[in-house]
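Colleague: I am new to this one. Please walk me through it, and tell me what stands behind each term you use.

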Amino acid sequence: MPEAPFVPVVPAGGSGTRLWPLSRRARPKFLLDLTGQGRSLLQLTLDRLAPLADRPPIVVTGRSHAAAVREQLDRDVRVLAEPSARNSMPAIALAAALVERESPDAVIGSFAADHLIQDEAAFARAVTAARDAAELGLLVTLGIAPTSPSTGFGYIESAGDGGADPALGARLRAVGAEPVVRFVEKPDRERAEAFVAGGLRWNAGMFVVRASVLLDELAVQIPALAAGAREIAAAHGGAEEEAVLERVWPTMTAIAIDHALAEPLAAQGRVAVVPAEFDWDDVGDFAALARQLREREGEVRRGEDGTEVHVVGSASVDALSSRATVYGSTDRHIALVGLEGVSIVDTEDALLVLADEKAQALQQLVGRLDEQGLGRLR
């Protein structure tokens, strides 16, 4: 194992509009038990990171969610509350600055709070390889083997031949990593098919890097952002902590780590990827969630007429000639006849019936709630 201590960082933000009405502004998807395992996505994330951590993980979340996050913690975890949402780079930079202040040689790993990974042993192997690669002073990401030519994810192109620096390429291959050539934004269908055929991997937004390297590289790309993170960290725990946070945080550039660091550093040959073989899903919509539930043991209603209904929650459900997923714990009895590929979400104040093939369109409907005077439902 690498000697430098490893500190997981878990950015926990967003509103999960594609999983409404389960996910709401006040209770986004990372706080929910979406698969009926008795653990929220955040808790599952911390569960698989705990065996890898040398210091308590750091969860960075919004002030409005901090109390709910703390209520779910059943292990040693630090919680940082952002005054406002400013995308992933400021959140990760702030955590990195705190880690750098306390353990200058430490390696951090950023992992989203709302993803599902079943093969935790394979995940641990990939993270360990990424830690080894990060010791070389690089930004390291985990590349997921695509299961389909998805247009919903970005892609990573690596240099299997060692890249522009053969010596570095050899050192990376020795620890199970490869140099990254470029990151590619979400493509159209034709390009996605070409990417998969060409061996490109999904970008799942998981990054491992020395905290000091991240901040030093950020100081080159966006100097004020790195300086702001370090200034807030320097005041952390002191009398001026809150005043410095309130003054500096609004000035920090709102940008994703992909655009702030991953893309420009890849162009300089400063990024590596570990080809990861574990299953991964960002549970981005109800179609993805239904797919996950079909692969797991749970409450399933089956019939000789082809009925297969997966139920999450305590809802009373009866069905004929239907294939569907039902989420609900109200007192209503739910009866289904002749439905195919449908998700039904029954809550106390909203009922959603959604064709899984139109799952991405739900965001548009949720976006209309405010203008319809129904903002309370968000």
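Modeller: Let's start with β7 (residues 178-184) and β9, which run antiparallel and are joined by two bridges. At one of the paired positions, Pro 179 faces Ala 272 in β9. This is a predicted model, in which local features need pLDDT of at least 70 and side-chain atom pairs pLDDT 80 or more, while totals for chains, interfaces and linings use all residues. Residues are numbered from 1 along each chain as its sequence is written, and side-chain values use heavy atoms, without hydrogens and water.

Colleague: What makes β7 and β9 a pair?

Modeller: They count as paired because DSSP must find at least two bridges between two strands, and β7 and β9 have two. The strands themselves are DSSP runs of E with at least two residues, while helices are runs of H or I with at least four, and numbering starts at the N terminus.

Colleague: Which strand runs parallel to β9?

Modeller: That is β5, joined to β9 by six bridges. One position to look for is Ile 144, which stands opposite Ala 276 in β9.

Colleague: Why is β9 called mostly covered?

Modeller: Five of the six residues in β9 (271-276) are buried. Buried means under 20% relative accessible area, exposed means over 50%, and partly exposed is in between, with a 1.4 Å probe and protein chains only.

Colleague: Now the rings. Why is the pair of Phe 153 and Trp 202 given the type it has?

Modeller: Rings of Phe, Tyr and Trp (its six-membered ring) pair if their centres lie within 6.5 Å; planes under 30 degrees apart are stacked, over 60 edge-to-face, and the rest tilted. Here the centres are 4.7 Å apart and the planes stand at 65°, so the pair is edge-to-face. It connects distant parts of the chain, 49 residues apart: Phe 153 is in the loop between β5 (139-144) and β6 (154-158), and Trp 202 is in strand β8.

Colleague: Are these two residues buried or exposed?

Modeller: Phe 153 has 15% relative accessibility and counts as buried. Trp 202 is buried too, at 4%.

Colleague: Which other rings link up, and where does a charge come in?

Modeller: The structure holds seven aromatic pairs, and ring pairs link Phe 111, Phe 123 and Phe 278 into a cluster. Arg 48 lies over the face of Phe 123, 5.8 Å from the ring centre. For that label, NZ of Lys or CZ of Arg must be within 6 Å of the ring centre and within 35 degrees of the ring normal.

Colleague: How do you know that the length of helix α8 agrees with its number of residues?

Modeller: The expected span is 1.5 Å times one less than the number of residues. For the 13 residues of α8 (223-235) that gives 18 Å, and the end C-alpha atoms are 19 Å apart, which agrees. Its buried residues, including Leu 225, Ala 229 and Ile 232, pack against α3 (88-102), α7 (211-221) and α9 (241-248), where contact means heavy atoms within 4.5 Å. Just after α8, Gly 237 has a positive phi of about 85°.

Colleague: What is the strand order in the open sheet of five strands?

Modeller: The order is β10-β11-β13-β15-β16, with mixed pairing. β10 (299-302) and β16 (351-355) are the edge strands, since each pairs on one side only.

Colleague: What do the pairings of β15 look like?

Modeller: β13 (323-328) runs parallel to β15 (340-346), with six bridges, and Arg 323 stands opposite Glu 340. β15 and β16 run antiparallel, with five bridges, and a hairpin joins them through four residues. In β16, Leu 352 and Leu 354 form the covered face, while Leu 351, Val 353 and Ala 355 form the uncovered one. In a regular strand the side chains alternate between the two faces of the sheet.

Colleague: Last one: why is Asn 87 placed in its exposure class?

Modeller: Its relative accessible area is 47%, so Asn 87 is partly exposed. Asn 87 also has a positive phi of about 70°, although it is not a glycine, and it lies in the loop between β3 (78-82) and α3. Ser 321 has a positive phi too, near 50°, and at 42% relative accessibility it counts as partly exposed.
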